[in-house]
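Thank you all for making the time this morning. I would like to walk through one model with you, going from the overall picture to a few particular contacts.

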Amino acid sequence: MRVAYLGPPGTFSEEAVSRCDLARAAERLPFPSFPAAYEAALGGKADAALLPIENSLEGSVGAVLDLLVHQPGLLIRRELLLPVEQHLLVRPGTRLEEVRRVLSHPQALGQCAGFLHRSLPGVPLVPTHSTADGARQASEEAGAAAIGARAAAERYGLSILAESIQDPGENFTRFVLLMRQDEPPTGRDRTSIAFTLDRDRPGGLHEILGEFAKRRINLSK
């Protein structure tokens, strides 16, 4: 089995692959973006893609939800809640006052907004394709810092300058394992559905949600 994920190695996505029961023994295929990983599974270059769809601090991962809606063909086989602990990563010997810019995935930058405002005010924030990609770039640039996982620090020879810098509260990311084949029904399944109205009219959404209520189908989101 081959599982596509957002790379390079050292991302939280790679850690999620290692924790997913259907994927932990699979061959891991890193891709530079969510669309690339998604399309690899959709087109058969991989057997599955494991992608994030929601973070408890930053909300929905819109880029992945858009792929599910606008490029149909992959179905959710598993979901995984991964605890996320973000760290400030620098080249060894770098002090906080020497940091000239911070690189990371936009979701990670958002999760650490409070720390960045307090400790690095005015320092430019540079979005990268993934937290591990930010760590790789920081390892090659004096004065650069990255936000990412401990595994990324170990892989790219960085030191942890500040630990657990995410905003207060529990920080979890919900990942889903996407495949071309659906999971057989078990009687205790969760279902995701995307729909549009046939036309824009007052009460249109209420009419649809009412169908769930009449059938006593509980909605989690």
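**From fold to contacts**

Let me begin with a part of the fold that is convenient for orientation: β1, helix α1, which covers residues 12-19, and β2 together make a right-handed β-α-β unit. Please keep in mind throughout that what you have on the screen is a predicted model.

Within that unit, strand β1, at residues 2-6, and strand β2, at residues 27-31, pair in the parallel sense, and 5 bridges connect them. If you want one register point to hold on to, A4 has L29 in β2 as its bridge partner.

As for the chain as a whole, the count comes to 8 helices and 11 strands, and the C-alpha trace spans about 60 × 40 × 30 Å along its principal axes. Of the 221 residues in the protein chain, 41% are buried.

Let me turn to a sheet, which is open, has 5 strands in the order β8-β7-β9-β6-β10, and shows mixed pairing. Which strands form its edges? They are β8, at 125-127, and β10, at 159-162, each of which pairs on one side only. From one strand to the next, the twist averages 35°. Looking at one of these edges in detail, strand β6, residues 87-90, and β10 pair in the antiparallel sense over 3 bridges, and there L89 stands opposite I160 in β10. As a general reminder for reading such a sheet, side chains in a regular strand alternate between its two faces.

I would now like to move to the charged side chains. Side chains of opposite charge can pair when their charged atoms come close, and a search of the whole structure finds 20 salt bridges.

The residue I would ask you to display is R174, which forms a salt bridge with E54, with 3.0 Å between the closest N and O atoms. This pair links distant parts of the chain, since R174 sits in strand β11, residues 172-179, and E54 in strand β3, residues 48-55, 120 residues apart. Is R174 buried or exposed? Its relative accessibility is 19%, so R174 counts as buried, the cut-off for that class being under 20%. E54, in turn, counts as partly exposed because its relative accessibility is 22%.

R174 also meets E79 in a salt bridge, at 3.0 Å from N to O. Here again distant parts of the chain are linked, as E79 belongs to strand β5, residues 75-83, and lies 95 residues from R174 in β11. With a relative accessibility of 41%, E79 counts as partly exposed. Through shared partners, salt bridges join E54, E79, R174, R190 and K221 into one network.

A further salt bridge is the one between R201 and E207, where the closest N and O atoms are 2.7 Å apart. E207 counts as partly exposed, at 41% relative accessibility.

From charges, let us go to the nonpolar part of the surface. I193, F195, L197, L205, L209, I217 and L219 make a nonpolar surface patch of about 620 Å². One of these, L219, lies in the segment after α8, the helix at 204-214, and L219 is partly exposed, with a relative accessible area of 44%.

Finally, I would like to set sequence separation beside spatial separation, using two pairs of residues. K45 is placed in the loop between α2, at 34-43, and β3, and K45 is exposed, given its relative accessible area of 63%. K45 and V3 are 42 residues apart in sequence, and their C-alpha atoms are 9.3 Å apart in space. The other pair involves D66, which is found in helix α3, residues 62-70, and which counts as partly exposed at 45% relative accessibility. D66 and E27 are 39 residues apart in sequence, and from C-alpha to C-alpha the separation in space is 26 Å.

That brings me to the end of the tour, and I would be glad to go back to any of these views during the discussion.

Key: Residues are numbered from 1 along each chain as its sequence is written. This is a predicted model: local features need pLDDT of at least 70, side-chain atom pairs count only at pLDDT 80 or more; totals for chains, interfaces and linings use all residues. Side-chain values use heavy atoms; hydrogens and water are left out. Patches are made of residues with over 30% relative accessible area and no salt bridge: like charges are joined within 9 Å, nonpolar side chains (Val, Leu, Ile, Met, Phe, Trp, Tyr) within 5 Å. Accessible areas come from the Shrake-Rupley method with a 1.4 Å probe; for residues, only the protein chains shown count as cover. A salt bridge is a side-chain nitrogen of Lys or Arg within 4 Å of a carboxyl oxygen of Asp or Glu. Helices (H or I, at least four residues) and strands (E, at least two) are DSSP runs, numbered from the N terminus. Buried means under 20% relative accessible area, exposed over 50%, partly exposed in between (1.4 Å probe, protein chains only). Two strands pair if DSSP finds at least two bridges between them. A crossover is right-handed if, with the strands pointing away from the viewer, the path from the first strand over the helix to the second runs clockwise. Axes are lines fitted to C-alpha atoms, for helices over the stretch in contact, and angles run from 0 to 180 degrees between N-to-C directions.
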